[in-house]
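Hi everyone, thanks for making time for this. I'd like to walk you through a structure you probably haven't met yet, so let's get it up on the screen.

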There are 2 protein chains.
Amino acid sequence: MVVNIALLGFGTVASGVPFLLKENTEKIKQAAQDDIRIAKVLVRDDAEKERLQAVGHDYDFVTNIDAILSDESIQIVVELMGRIEPAKTFITRALEAGKHVVTANKDLMAVHGSELRAVAENHGVALYYEAAVAGGIPILRTLANSFVSDKITRVLGVLNGTSNFMMTKMVDEGWTYEQALQTAQELGYAESDPTNDVEGIDAAYKAVILSQFAFGMTIDFDDVAHKGISNIRPEDVAVAQELGYVIKLVGDVQETESGVSAEVSPTFLPKQHPLASVNGVMNAVFVESIGIGQSMFYGPGAGQKPTAASVTADIIRIVRRLKEDNVGKAFNDFSRPVQLAAKDDVKSEYYFSITTPDENGKMLRAAEIFNSEAVSFKQILHQASDGQHARLVIVTHEMSKTQLENVTEKLNTVSDFQVGNIFKVLGE
Amino acid sequence: MVVNIALLGFGTVASGVPFLLKENTEKIKQAAQDDIRIAKVLVRDDAEKERLQAVGHDYDFVTNIDAILSDESIQIVVELMGRIEPAKTFITRALEAGKHVVTANKDLMAVHGSELRAVAENHGVALYYEAAVAGGIPILRTLANSFVSDKITRVLGVLNGTSNFMMTKMVDEGWTYEQALQTAQELGYAESDPTNDVEGIDAAYKAVILSQFAFGMTIDFDDVAHKGISNIRPEDVAVAQELGYVIKLVGDVQETESGVSAEVSPTFLPKQHPLASVNGVMNAVFVESIGIGQSMFYGPGAGQKPTAASVTADIIRIVRRLKEDNVGKAFNDFSRPVQLAAKDDVKSEYYFSITTPDENGKMLRAAEIFNSEAVSFKQILHQASDGQHARLVIVTHEMSKTQLENVTEKLNTVSDFQVGNIFKVLGE
């Protein structure tokens, strides 16, 4: 038998799907037990259709979603347009029309995932989105299936290839943020408006989805604190190296006694931590759990073929489940009421960089402030800078978010202190 | 509803299963949709039973497998005894009695896997063994499910925790093989007879199973060439570091034009390769494929809780499939006739360590031999050793197994050459 699918959009990733279906016909046929045929492809307009036909693509191109929704021979709709609209409307209508949906759309699934999953459930159809987090790494299915027996306590991830490429250059080559951004843009890794990548927004979308699979809690995007890499200075990178760390943009979702906490921020990783050697555009998700302990899943975070591999695995899974007559099964069964962690329960070591006049007593003043909040020091560096100023670098022992806020506020009230970057430090 | 399971054996791993069932009741219940109860536990004899009862275990201990096989309320049998017999007989009889089986037994699945899978298929029951390869890393299910759309070209793995612990000490601390082995034995990582771990036999078992999942080919254990770490000398370790490599015991299964090749051998890994930083008792499986490209799955290779996490995930999967009425599905669908690679097609760079009299002309003689087989050099080191002898270290460009055999044979005919270790070198 043949299962007909439709692609919404025919950009880079979409064209990777027919590549894999063709290169892997025999293996896919064994797994899916049916042939998979791309019956229709939605493109923007006639101009795009003609452009694609001119380069040899002979799909049945359509420019109106209704041509796909009303085609009863199409069982699976694969959304690869990205962004919120019209993807959201098209996916909703496809689910309502009884079609199974595969998407790689992280923005959409992070912000409107609950709503879309409810529509899928109400219509007894599948909605799979493995490619939405860390494109080529099969992390969502792994969390849903293989960690089903385990209790996850923390998920740490290098989740954005663009910013990781930039950080790798800033760490390994000593480039400034501006140099790294320019090269990332020249290589096509960063868009002309790089905000989503460099400010941690893209990684925060992924943290929302990871939280759903790892902790069964669909937290709001607004509850993911995110801080990007644009403020990282070469002196932060240098001092990190001196103290035995590598700075990376890290997504961190953990469960504390009071609930779940999710954030994305530049983080000092100990050099021997497995995430510290995840370089360039590669992604990795590091999982801490009571059973397995520590595990890590590493691979490309984006790109045509890696993303298409995840999308196509989802398609095959649906085809197989159609055969087995259990296709309505949710991508992820694990679900609990959302409970956010209290600030007192979210703890970490922190790095503080403070510029002060190079005078006696400044270190004492800083020490008094940390001590007043019961925060102790792990590492201290005092560097004279321009003769008039000194740079005070402090790595603390573990402190809570509450302590962090209090210390920061007190430091800011000291007119002699110019508080620079404050970054999370992962303990050994 | 309650699904009754029986454990065969109650050693370290087995006791991790009730730990996870208890710690994760809510999550497991959501996924399995039924409660899972350990109805019977098979132990060796009354003495073991009494010993376990004395420390507070109140399971229904039995000493005869028939008490489990004849109990119709038991649907799943979990074999955790290890070794070939009586595990093989017990699993066979359980499958024949219509019971689903979960096992962590790599020796058994590597050597008798085909036979046992056939019995399972004939009786329409499940036989899962995620824990058999790299205990805590969910690599088999990931290969079966997430790589279903992708074509794997090579799987490289650090698959034996004991030997990797020893190699890490030999590389990082400069220990000899003998020192590393003694410490591994003192820490309980190595058995008093360490042969299976240090000679690559255990890793070869895992390579057989990986080949089945990655390439659909169930190769014979005897077709996995295996070489262990016991001949590695401190000078090999030192020269590897000097040339930018780390030596590890690596399982390597790849598909060439003519077929599949599998071997386990000490391998020079470039320092920046993701496998190079897999240290201590940790395992990792590195996958190369046409879709995803490069990915790696990292975690503990053994241990009570990691192995129990994989075993329990298999149990939950079976319980869920019982509910969905598709429990007979094979663990791995991918199956092709076995075709072994021709020697000419299996290519790699190689490291040669040759001791010669410290006289003129020896390097020339070696160069002539490599040149006569059309093998070129990538890196050469010439080290005077004791005044009378020199050590010639050669890293070649890619050469086939045929070329390797010919070069080795010719080197061995030169009476002045004492050919030491020859190791595979992974290209960048």
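Let's start at one spot in chain A: the side chain of N332(A) reaches the backbone oxygen of Q212(A) at 3.1 Å. When I say polar contact today, I mean a pair of N or O atoms within 3.5 Å; within protein, one must be able to donate a hydrogen and the other to accept it, and residues adjacent in sequence count only if both atoms are side-chain atoms.

Before we go on, some housekeeping. This is a predicted model, where local features need pLDDT of at least 70 and side-chain atom pairs count only at pLDDT 80 or more, while totals for chains, interfaces and linings use all residues. Residues are numbered from 1 along each chain as its sequence is written, chains are lettered from A and ligands numbered from 1 in the order in which they are written, and side-chain values use heavy atoms, with hydrogens and water left out.

Okay, back to N332(A). Where does N332(A) sit? You'll find N332(A) in the loop between α13 (304–324) and β13 (347–357) of chain A. The helices (H or I, at least four residues) and strands (E, at least two) are DSSP runs, numbered from the N terminus. Q212(A) is 120 residues away from N332(A) along the chain, yet their C-alpha atoms are separated by 8.1 Å. That side chain has another partner too: a polar atom of it lies 3.4 Å from the backbone nitrogen of F334(A). Leaving out residues up to four places away in sequence, N332(A) touches A144(A), Q212(A) and F213(A), where contact means heavy atoms within 4.5 Å. Is N332(A) buried or exposed? With a relative accessible area of 11%, N332(A) is buried. The cut-offs there are under 20% relative accessible area for buried, over 50% for exposed, and partly exposed in between, using a 1.4 Å probe and protein chains only.

Staying in chain A, have a look at strand β10(A), residues 260–270. Here 11 of the 11 residues are buried, so β10(A) is largely enclosed by the rest of the structure. What does β10(A) pair with? Strands pair if DSSP finds at least two bridges between them. β9(A), residues 245–255, is joined to β10(A) by 11 bridges and runs antiparallel to it, with G251(A) partnered by V264(A). That hairpin has four residues between the strands, and G259(A) takes a positive phi near 155°. Then there's β8(A), residues 224–226, which pairs with β10(A) in the parallel sense over three bridges; A225(A) stands opposite E263(A) there. Finally, β17(A), residues 418–425, is also parallel to β10(A), over two bridges, and F268(A) has V425(A) as its bridge partner.

Now over to chain B, and a sheet. Six strands form an open sheet in the order β3-β2-β1-β4-β5-β6 (chain B), with parallel pairing. β3 (61–62) and β6 (127–128) of chain B stand at the edges with a single partner strand each, so one side of each is left without a neighbour in the sheet. Two bridges join β3(B) to β2(B), residues 35–42, and one of the pairs is V41(B) with F61(B).

Next, a helix: α8(B), residues 161–172. Of its 12 residues, 10 are buried, and these pack against β7 (152–158), α9 (177–186), α10 (195–198), α12 (234–242), β9 (245–255) and β11 (282–289) of chain B. At the N-terminal end, N160(B) acts as the cap, with a side-chain oxygen 3.3 Å from the backbone nitrogen of T162(B). Just after the helix, G174(B) takes a positive phi of about 70°.

Last stop: where the two chains meet. Each side brings 49 residues to the contact, 49 from chain B and 49 from chain A. Together the chains bury about 4400 Å², 54% of it on carbon and sulfur atoms; buried area is the accessible area (1.4 Å probe) that two parts lose on being put together, summed over both. One residue that touches both chains is R141(B), whose contacts include N145(A), S146(A) and D314(B). R141(B) is in helix α7(B), residues 139–145, and at 5% relative accessibility it counts as buried. Its side chain makes a polar contact with the side chain of D314(B), at 2.9 Å.

That's my tour, so over to you for questions.

Terms used:
Expected span 1.5 Å × (residues − 1).
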